[in-house]
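Please open the model in your viewer and keep the sequence panel beside it. This tour moves from one selection to the next, and at each stop it says what is there.

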Amino acid sequence: MISASPNLYRSEGARRSVDPVIVERALKQAAPVERRNLPAILSLAHLAHLTGIKYAYLREIAERNTDPYKPFRIGKRKGGTRLIAAPEPLLLALQRWIAKNILNHIAAHHASCAYAPSSSPAKCAERHLGAAWLIKVDIHDFFENITERAAWRVFRAAGYQPLVSLELARLCTRQPHGAASLDDKWYLKRPDRYSIKPYRTRFLGHLPQGAPTSPMLANLASLRLDTALQALADRYGLVYTRYSDDIAFSTGAAFDRKRAGQLILEVERLFAAFGHALHRKKISVAPPGARKIVLGLLVHGTALRLNSPYRRKLADHVRGVERFGLRGHKEHRHFASLWGMVRHIQGLLSYAESVEGKPAFSALRARFDAALAREGWPDGVLPKPAITAEIETPSAPTA
């Protein structure tokens, strides 16, 4: 930490014949950030020193002279495709450093239930237990509509200087063709004096799906939206949660469709005010007597329950392994590796146990463990040579 011992920092500056004015400026810039238990970053060169990544590489990205992402599309569960932009290894390492050392130490709104270390779909759904009415809406193209300007505000609010905040925002966003036009001087209060010409660009970058910084940046950039939606929920007497782009309102008290319609209209207006659009195909209003599902979990009761499709999928996997063996089930469900398939099924079982308790799935767990043991997979561990033999070119699982 720069300001951990200001006296020693000043002494070291004097020993190296650094201008005292520069030393004091560095301490002044570091203090508000380090008081939040965040690493001080005084410049892009300083970030390069902290991360071990060359300054020239960081500068190329900050100036938008290169596109360090590999875009590809994956299929959506209900049809269509989703664009994923995977950062190249060096940028991936940098973004992981930013996520670990900065973003994960900034608190999101209390109603935001995704991507934080202690968050989970179950904790989010639990907030809606006992719902008589449930209204769900979805933000259309959530990540793509969070721009580098919003990312800049996150870093500025954390205490970083305007230019450093811009550089951090550029390192966490991607500038595709056809993005919104950019006023190249928005990030500084005195652009006539401080603007850096190489940083001027034609388009505004946005958060790419595939970057490890995007989830938490999306959460933190949505703080004002969460605050506005919470105020709206309070006015209607509703419980509000947001899990990424999935938004839910619920109440155990009297409500009606007219008020639900009014709520959705007000939500749409708030979305527009914050640069988002309502996904009209994903509006859901569940009145009393209807099934109420939040993030795949049933909430119209006193305890969370898994929905029927999840139960069937889990049972089908266990039955398939029992009947056809590991390799037969892997081929049938198009998994890329045996290890990946077993981890997937174990993950489904563990999540089910976390929701409804281990006793509810003890019989299914015993059947799966027995099937693994028959295949020579004790305790879920396959000998290393067999793992190597089963690793293939990745393919999209259809399980």
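The stops below go from the whole chain to its cores, then to some helices, and at the end to a few residues in loops.

**The whole chain**

Begin with everything selected, and keep in mind that this is a predicted model. In a cartoon view the protein chain shows 16 helices and ten strands. Of its 399 residues, 44% count as buried, and the chain exposes about 21000 Å², of which carbon and sulfur atoms supply 54%. Among contacts with a separation of 6 or more, 70% are between residues 24 or more positions apart.

**The nonpolar cores**

In soluble globular proteins, nonpolar side chains tend to be buried together. Select Tyr160 and Phe249 next, which touch the most other members of the largest nonpolar core, a set of 64 residues. The element that gives the most to this core is α12, with six residues. If you show the surroundings of Tyr160, leaving aside residues up to four places away in sequence, you will find that Tyr160 touches Val33, Leu38, Pro39, Ala40, Ile41, Ile102, Phe155, Ser165 and Leu168. Apart from this core lies another, of 31 residues, and you can locate that one by selecting Leu297, Leu338, Phe361 and Phe368, which are among its members.

**Helix α12**

Now select residues 257-273, which form helix α12. At 1.5 Å a residue, these 17 residues should span 24 Å, and the end C-alpha atoms are indeed 24 Å apart, which agrees. Which residues of α12 are buried? They are Ala260, Leu263, Ile264, Glu266, Val267, Leu270 and Phe271. Turn the view until you look down the axis of α12: the buried residues fall within an arc of 165 degrees, so they line one face of the helix. An α-helix has 3.6 residues a turn, so residues three or four places apart point the same way. On the face turned away from the buried side of α12, look for the exposed residues Lys258, Arg269, Ala272 and Ala273.

To see what the buried residues of α12 pack against, add β3 (133-140), α11 (223-236), β5 (246-251), β6 (277-278) and β7 (284-286) to the selection. Then visit the two ends of the helix. At the start of α12, a side-chain oxygen of Asp256 comes to within 3.1 Å of the backbone nitrogen of Lys258, while after the helix comes Gly275, with a positive phi near 80 degrees.

**Helices α14 and α15**

Move on to α14, residues 338-356, whose 19 residues should span 27 Å at 1.5 Å a residue; the end C-alpha atoms of α14 are 27 Å apart, which agrees. The buried residues in α14 include Leu338, Met341, Val342, Ile345 and Leu349, and also Gln346 and Glu353. Just after α14, Gly357 takes a positive phi of about 95 degrees.

Next select residues 362-374, helix α15, where 13 residues should span 18 Å and the end C-alpha atoms are 18 Å apart, in agreement. Here Leu364, Arg365, Phe368, Ala371 and Leu372 are buried. Seen down the axis of α15, these buried residues fall within an arc of 125 degrees, so they line one face of the helix, and the face turned away from them carries the exposed residues Ala363, Ala373 and Arg374. Among what covers the buried residues of α15 are α13 (308-333) and α14. After α15 comes Gly376, which has a positive phi near 75 degrees.

**Three residues in loops**

For the last stops, select single residues. Ser244 sits in the loop between β4 (239-243) and β5, and although Ser244 is not a glycine, its phi is positive, about 60 degrees. Is Ser244 buried or exposed? With a relative accessible area of 7%, Ser244 is buried.

Leu295 lies in the loop between β8 (293-294) and β9 (297-298), and this residue too is other than glycine with a positive phi, near 55 degrees. At 28% relative accessibility, however, Leu295 counts as partly exposed.

Finish at Thr173, in the loop between α8 (162-171) and α9 (191-194), which counts as buried at 1% relative accessibility. The side chain of Thr173 reaches the backbone oxygen of Ala169 at 2.8 Å. Not counting residues up to four places away in sequence, Thr173 touches Arg64, Tyr69, Glu148, Ala151, Gly205, His206, Leu207 and Pro208.

Technical notes: Residues are numbered from 1 along each chain as its sequence is written. Side-chain values use heavy atoms; hydrogens and water are left out. Helices (H or I, at least four residues) and strands (E, at least two) are DSSP runs, numbered from the N terminus. The expected span of a helix is 1.5 Å times one less than its number of residues. Buried means under 20% relative accessible area, exposed over 50%, partly exposed in between (1.4 Å probe, protein chains only). The arc is that of the directions from the helix axis to the C-beta atoms. Contact means heavy atoms within 4.5 Å. A polar contact is a pair of N or O atoms within 3.5 Å; within protein, one must be able to donate a hydrogen and the other to accept it, and residues adjacent in sequence count only if both atoms are side-chain atoms. Accessible areas come from the Shrake-Rupley method with a 1.4 Å probe; for residues, only the protein chains shown count as cover. A nonpolar core is a set of buried Ala, Val, Leu, Ile, Met, Phe, Trp, Tyr and Cys residues joined through side-chain atoms within 4.5 Å.
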